[in-house]
Structure formats: C-alpha cells, structure tokens
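Subject: Structure handover and findings

Dear colleague,

Please find below the structure that I am handing over to you. My notes on it follow.

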Amino acid sequence: MGVRRSRMGVSYPSQHPCQPTTMLAYLLRRIAYALPIMLGVALVCFLLVHIAPGDPLVSVLPADASVELQAQLRELYGFNRSLPEQFVMWVWRAMHGDLGMSIASNRPVATEVMVAVSNTLRLAVVATALGFLLGCLFGFVAGYFRHSWLDRLASMLSVLGVSVPHYWLGMVLVIIFSSQLMWLPATGAGPGGSDEWAWNWAHLQHLVLPAITMSVIPMGIVARTVRALVSDILDQEFIVGLRAKGLTHLDIFRHMVKNAAPTALAVMGLQLGYLLGGSILIETVFSWPGTGFLLNSAIFQRDLPLLQGTILVLALFFVLLNLLVDVLQTLLDPRIARA
Amino acid sequence: MRPTRQLTSPLPRRACLGLALASALCAIGSPAALAQEKTLRIAMTAADIPRTLGQPDQGFEGNRFTGIPIYDSLTQWDLSKADAPSVLIPALATSWAVDAKDKTKWTFKLRPGVKFHDGAPLNADAVVWNVNKVLDKEAPQFDASQVGVTASRMPTLKSARKLDDLTVELTTSEPDAFLPINLTNLFMASPSQWQKKFDAATGATPADKAKAAWTAFAADPSGSGPFRVTRFVARERLELAAHKGYWDTKRVPKIDKVVLMPMPEANARTAALLGGQVDWIEAPAPDAMPQITQRGFKIYSNAQPHVWPWQLSFAEGSPWLDKRVRQAANLCVDRDGMKQLLGGMMAEPKGTVPPGHPWFGKPTFDIHYDVKSAQALMTQAGYSAAKPLKVKVQISASGSGQMQPLPMNEFAQQSLKQCFFDVQFDVIEWNTLFTNWRKGAKDPSANGANAVNISFAAMDPFFAMVRFVSTKAFPPVSNNWGYYGNAEVDKLVADARTSFDDKTRDAALARLHQYIVDDAPFVWIAHDVGPRAMSPKVKNVVQPRSWFIDIATMTMD
C-alpha cells in the first residue's frame, strides 16, 4: 500500500482502510497474528492445568481405588503418556474440532462448551448493553456537567460500580428480590432449563438479576472512560468553533458522541470479552449454566479435558472479539489507519 | 410468611383472560390430571447432575439422586426407619448364599417379574451384562468411565455367570463376606436400551460406538427403579416421572414428577427455597437455618454414617504413637460447643459407628468431653502447659462432605489447647488433600503433618474400618494414611471378612470396632447429620440414619 505525505510531513495511507482489498489484507494479517497467540494460550492452559497438584482422575476414581485400577484407568484415559505427547494429541484433535470427552460427565467437551457459551453470550450481551447504556449516560452527564452535583452523583455511581464486589451485590439482590419480595427467581436460566429459552417474561425474569449484577463493572468502567473523553473533547477548539457557528446543544452533542465513540466502543468490546469468559462468581451465585459455571465445575472436579477445552474456546472468543473491535474501530474512525 | 407463593407474571389483561380461558378448557378436558400432578423440585449440592447411566459419580449424593430412584441393585439399604440403623435388605435378589465348599462363589436368586422401564425383563443375563460393563474389558458394553466408581466399591468381585434365568453366580477374588453389602453400589441398567443406543451410534471402532452409546444412554436411560427419566438437560435439570409399574408396591411413587437441579452454592440453594423455586434443598447454609424455620420450612436431619475425624499418623517420630496422647485428644474436644457453633447440625461421636449400631461392640474407652482426665493423661505422657505437644494437621478450607472444615478445625484447636496440645494446620486445596490421602504420612506431600482431616462414609465395613486399619491397606494401596495396624487388627479384619452368616459377621465387626475405639487411631470429632430443608408441602419424609433417603414413599400436598 502506497503512502502519501501531507504538507506538514505527516504520513497517511494512500488507500482508505475501508477499501475491500486493504481490509482483507488487514484481516488476514490479524488472523495470522492470532494463530501463534492461540497456540501459546493452548500451551499455557495445558501446562497450568497439568502442573496443578491433584489427580486428573479424581472425579472417576475414588480415594480407595486399588493401584491396579488407578493404572488401568490412567492407561484408558491416556494419562500414562508423556506430557508433550498428550499436548500434541490434544492440539491435533482440537484442530479437527474434537476437544475430547469430559472425564466427569463423559459428554463431548465441544458440546458442553458451546451450550455454556450460548448461555453466557445471552447474559453477557444483555449485561454489556445495560452497562454500556448506563455507563454512557452517566459518563456523558458527568462530563458535560463537569464539577456539578450531577457530575459528582454520576461519578459516585460509576466508582461504586467498579468497587462493589459483584458477587456480594448478586447475593444482596437475591436476598431482596427473591428471598424477601419473591418478585424474581434466584437461580437458573428459565423455568424449564436453558434449552427451552425464549425471549418472554417467564425466561427473561431469570435474566434480570444476573444481568444487573454483571453490568455494574462495565457500567463503571464505561462511565469513567466516557466522562474523561467528554471532558477532553469539550476542551478542544473545534467545540468552540461549533458553538461559534451557532450549533445547538444537540448538534454539539452529536459531534461529541462521534468523537468519543471509537474509544468507548473499544472499551465496551473489551468488557464484552471479559464477560463472555463468564463470571465464575456471578454464574455460581445464580446457578446460570454458562462458561463460568462450567469452569467452576471443571475446576472442582479436576476435569482436565473440560477445563482445557473451555479455556481454549474462551481465549479464541477473546482474540476474535478483539479483532472485531479493531475492525469496527477502523470503520468508525478513518484516522485509525492500520497499515 | 409466604413460602409457597408463585412468582408474579405481569401479563397483559387480555393475555391473562386468554390464559384463564385456555386453562379452564384444559381443566374441563382432564380435570384429574391437572389437579393432581405433584412435582417435587430438589436442589442438590452437586455442581452437575450426577451421571445417569447407572453408576453415578459425585459420591453418595449421586447414588442418592440418580442411583436409587432410577435403578435397582441386587441388595439395598432399608431406608424406611429414622430411629434405627439402616440395614441391608433384599432388592432385585430375593436371597443369596455363599458356596459351602468354595467361599469365593455366591449364588443370588433373582426376583421374578421385574422389568426395566423400557419393558425388557430383568433377568440373569441382565445382571451378568451389568457386571461385565465394569469388569470385562472384552465386553462390548465395557465402559472405563464407570469402572472407577464401581470396582473400588466392590474390590473383590471378579466375575458373574448365569446359572438359570433367575439365578446368578458371582465370584470373588478371595473369600469376602462384605460382598452383599458392596453390591448396593452396582446398579442394573437395561442391556436392551443400551443396545438400541449402540445400534444407532456412530464411531470408527466398536469401542467408539460403545462410548457414544453410553453417552446416549445417559441422556435417555432405562433402569428398573421407582422413577424413570423423562428429560435431561446437562448441568441444569433432570426430570423423573413415577414408574407406576414398580415391583415393590410399598415404594410405588405417590409423587408424579421429580425435578433435580444442581446448585453448588449454599446461599443460592437457600434463596431458591425461600423464593419458592424449589421444595427441597440439601445442606442449607448454616446461618440461614433460623430464617428457614421461621418461614415455615422444615429441617430434617439424622445421624449419618459420615465421620469427620482427624486420622492420626503412626509413622516413626509421630507424637500420636503414645496411646495416652490419642485418648487425651479424644477427651479434650468440646463437641457440645462445636455443635452449637454449627447450629446443632452435627452429632457427637462415640466411635466410627454410633451406639446401637450392630458393629458398635462394647468399647471400654468412652469418648466424651473430660478436660481433667485428658490433662491427667497428657501429664502422664510428659506434657504440660509449659511444655505443650506440637501436632500438625493437614486440612482443607472446603471440600465435598467436609462440613465446615475451617471453623470446626479452629474450634478443635482451641479446645485442645487446654490439654497442652499446640495444634498447627497445613491448609491445602481439597482435591490435593484427597489425592495426598493415598500417599500416606511418610510421603513428602504430608508436609510434616502427623494427622489429616478427611471425612468419610461409613456405610460398609471396608469403607468404615478396614481401609484405615488393615496393614494390607498401607499407602499406596488404600487409605491407611497413618500406617496404623498390627497383627491383632489384621486378624479381626480377616475374621469379619470370612464370617458369612450375618450375625457372626456383625459380631466380628463389633469386635473390630471395639478394638479401634479403645486404641484410638482417630480423634473422632463429629458425625454429620445430613441436614436438608423442605417445604411443608412435602409429607411422609423419613430421614434414615443413612446417606440416602427414599423419595418414592414421600407425598405432597
């Protein structure tokens, strides 16, 4: 891609980054970067779960199992092989879409993970949307009315959001709205399980408390980010220019949103990435059958294939999400040239 | 107080009217079905639904909820009494006997007319098939994932042979009188249902197909128990329906439907009960007990064969080698105070099994709280407040069946301080502690500890006693972590193992238990009482002195 030089000596890409060929090259390059990251993640996650003390067969092998039985099962599950051999076999199978079988449940890990991911996605998207909307609202209000009581109130709420332990908040909400008032269910992903999910009130009421609990951290982070952005933008000369041109508050606000959007979007994307990993604490408090709940179960049962598979898939999601956010940012803000 | 209030649903008025009309029409169509359907919703402590393919995982909670309700075994525990020890009674086998000449061969007579949920007959072929699923590697239905939880609970069972349609011969590797007790853990799955799944399965090899068939069977199983599986949602819920054709007329379920939900977090379970989402929770949060009872729910508990001890080391240099020290520790724990700490949710032990149990015997050492006697024993052993005895106990901060390990251990630590014990703890992660249990006190993993705190089930003689006191059970063979044992104990174990008459066997086990209590290789601190909270709608609840409970005999308002 050629480069043109401005009179000020600043370099710009000669092609707009949104042009199809440029974008395709950029995507391919980012995917190529992602591959070694994925392999590194796979290696780290494999090593971490294997160097942790404890027996990987603890869920299927009681403490009083005979030595012969232990040896027999190690062989049947392939744990008698060397670690490099186990790693290569696992990666090879994973590349073919086979993440193995859960030791504890004997169900395919890929199926287990995908079901959990879809449940977490449902929760995370709602929580992120809620957190983003409230965060933007508080951030814009605080930034626009700097040093006023509105700023202090909005800032206090955003600080609370990032400071309050969310599992504690979840328990408090459950005590108030489930145990005492009996307005909302305390646990589960629907009256008949997540496989019968429908976007109706019978199911949505199961989503309300975990989504609110999950949204407070992104809300706080987005609010603080947006407040800083708005404060910064308001100090810039073009705002004075816009005012001098006689633009209304709404028009100025629109310009401000456009300038703040790429950074806010990047922050939101990262938050969605974190939430997609599922919150072990929130999903356990609400018995929400997502990836956090799955990880919790895999850790306590020392179910290595399930643990490895879940971490790998989540890491893959995180990398893909980062890629998506980068692309969206590029589309939204032509100044960000990913040459 | 509204424990059974339904969650509100703010539907539009027209929708409500429509719903009401539809309900009314349905009610006209089948009034009895709608009016009488009784659903019992249970929140388990497990993080996942225990395996449903016949041999459950998740310890005895698995047997309690996906073993006994769905399947039958050759022998079973009597769960009909709350005021007497749970004893072994016939189930699929109506009688059994050991061969008079060859004590490794047993004949089991099967109950006629029993059918699996899929309609197939439960006969000798089915029993042999189920033994082979875990013991015969060449059998098409062999499943490695079921071997661990099955073979370890019947360590001497070697093979099965059909004698006729209703008679099976089981062979053990050595004479073993405990076999009928062990067989409560072998649940009978339907071979014909499995074969259907096998025929429909895909796989490169027969072993792959068998694996896939077991996975499919777990989602759509067939046993012969009082409940049959109607719906399975992995990690979320298991729905069971009453099997009205159950062979035991006393246990034909009165409740139409049971829904089992995994909820590993105690506060979540409690909230689900208080919020009306479930009717029964296992192990409610201890600090929520008053609130639960105030809201009209019932707490059920009973002494369980679930021992919460310190298992002591007899390795060279251990401070517990002196019997006076061991007995002093047993006399110095303020169990009544600990019981108050736990809101009453523990029983004070007098040994591994409670008095009145057929295996209790007549120990001369009475385990109770007596600080003066304990101090006297410690003084005799050469210790005092100025010269305390240092002991180190390996414990976990949590874990399956571990009750409340941190506060309980800290309470015991303070209690023992008054008898000149200086107790230190090595707190490690539960699975690591559990794995270390097999490595023994001499292994570096013990980290210098001379006692270990791991609770255990005492349902059968091997689990309750033999594995902790037999010299054949030294690490890494089994759980004699502390290398306790001598020729006298080994002889008592052998006597019990070769006493094939029930009364003689129980008498031999009583002698073994008596010896163990008198010699005190444990500090017996607590017995769990298996607390569970239920809605007052659930009636006819019998909480036996067992890890298990019979759902089939319960009713609901």
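**The sheet of chain B**

B:I42 stands opposite B:L260 in β10(B). Please bear in mind throughout that this is a predicted model.

Helix α9(B) packs on the sheet, where it touches β1, β11 and β19 (residues 532-534) of chain B. The direction of α9(B) makes about 165 degrees with that of β11(B).

The sheet itself is open and has seven strands, in the order β8-β9-β10-β1-β11-β19-β12 (chain B), with mixed pairing. Its edges are formed by β8 (227-233) and β12 of chain B; each has a single partner strand, so one side of each is left without a neighbour in the sheet. From one strand to the next, the twist averages 20 degrees.

Strand β1 (residues 39-44) of chain B has a partner on either side in that order, β10 and β11. With strand β10 (residues 257-262) of chain B, β1(B) runs parallel, and six bridges join the two. One of the pairs is B:T39 with B:K257, its bridge partner in β10(B). With strand β11 (residues 280-282) of chain B, β1(B) also pairs in the parallel sense, here over two bridges. In this pairing B:A43 stands opposite B:I281 in β11(B).

How far is β1(B) enclosed by the rest of the structure? Five of the six residues of β1(B) are buried, so the strand is largely enclosed. A residue is taken as buried if 20 or more other C-beta atoms lie within 10 Å of its own.

**A residue in the edge strand β12(B)**

B:I299 is found in strand β12 (residues 298-300) of chain B, which stands at an edge of the sheet. Because B:I299 has 17 C-beta neighbours inside 10 Å, it counts as partly exposed. Leaving aside residues up to four places away in sequence, B:I299 touches B:M289, B:I292, B:T293, B:P531 and B:A533. Of these, B:A533 falls within the residue range of β19(B). From B:I299 to B:H513 the separation is 214 residues in sequence and 31 Å in space, C-alpha to C-alpha.

**Helix packing**

In chain B, helix α11 (residues 323-332) and helix α13 (residues 371-380) pack at an angle of about 160 degrees, with their axes 8 Å apart. That angle makes α11(B) roughly antiparallel to α13(B), because angles over 145 degrees count as such. The crossing in which α11(B) passes α13(B) is left-handed. From α11(B), the residues B:R324, B:V325, B:Q327, B:A328, B:L331 and B:C332 take part; they meet B:V371, B:S373, B:A374, B:L377, B:M378 and B:Q380 of α13(B). By character, the residues of this contact are eight nonpolar, three polar and one charged.

In chain A, helix α4 (residues 109-144) and helix α7 (residues 201-234) pack at an angle of about 35 degrees, and their axes are 5 Å apart. The crossing of α4(A) and α7(A) is right-handed. The residues of this contact divide into 23 nonpolar, eight polar and one charged.

**Two residues of chain A with positive phi**

A:H147 and A:S287 each call for a look at the backbone. A:H147 is not a glycine, yet has a positive phi of about 65 degrees. A:H147 lies in the loop between α4 and α5 (149-163) of chain A. With 9 C-beta neighbours inside 10 Å, A:H147 counts as exposed.

A:S287 likewise has a positive phi, of about 45 degrees, although it is not a glycine. The loop that holds A:S287 runs between α10 (280-285) and α11 (291-300) of chain A. Is A:S287 buried or exposed? A:S287 is buried, with 28 other C-beta atoms within 10 Å.

**The contact between the chains**

Chain B gives 48 residues to the contact and chain A gives 50. On the side of chain B that touches chain A, the elements that give two or more residues are α5 (144-151), α8 (206-219), α9 (266-274) and α15 (430-436) of chain B. Which element supplies the largest share of that side? The largest share, six residues, comes from α5(B). The residues of that side divide into 22 nonpolar, 15 polar and 11 charged. Helix α9(B) is thus named twice in these notes: among the elements of this contact, and as the helix that packs on the sheet of chain B.

With kind regards

Technical notes
Residues are numbered from 1 along each chain as its sequence is written. Chains are lettered from A and ligands numbered from 1 in the order in which they are written. This is a predicted model: local features need pLDDT of at least 70, side-chain atom pairs count only at pLDDT 80 or more; totals for chains, interfaces and linings use all residues. Axes are lines fitted to C-alpha atoms, for helices over the stretch in contact, and angles run from 0 to 180 degrees between N-to-C directions. Helices (H or I, at least four residues) and strands (E, at least two) are DSSP runs, numbered from the N terminus. Angles under 35 degrees count as roughly parallel, over 145 as roughly antiparallel, 65 to 115 as roughly perpendicular and the rest as oblique. A crossing is left-handed if the near helix is turned anticlockwise from the far one by less than a right angle, and right-handed if clockwise. Two residues are in contact if their C-beta atoms, placed from the backbone, lie within 7 Å. Ala, Val, Leu, Ile, Met, Phe, Trp, Tyr, Cys and Pro count as nonpolar, Asp, Glu, Lys and Arg as charged, and the others, Gly among them, as polar. A residue is buried if 20 or more other C-beta atoms lie within 10 Å of its own, exposed if 12 or fewer, and partly exposed in between; C-beta atoms are placed from the backbone. Two strands pair if DSSP finds at least two bridges between them.
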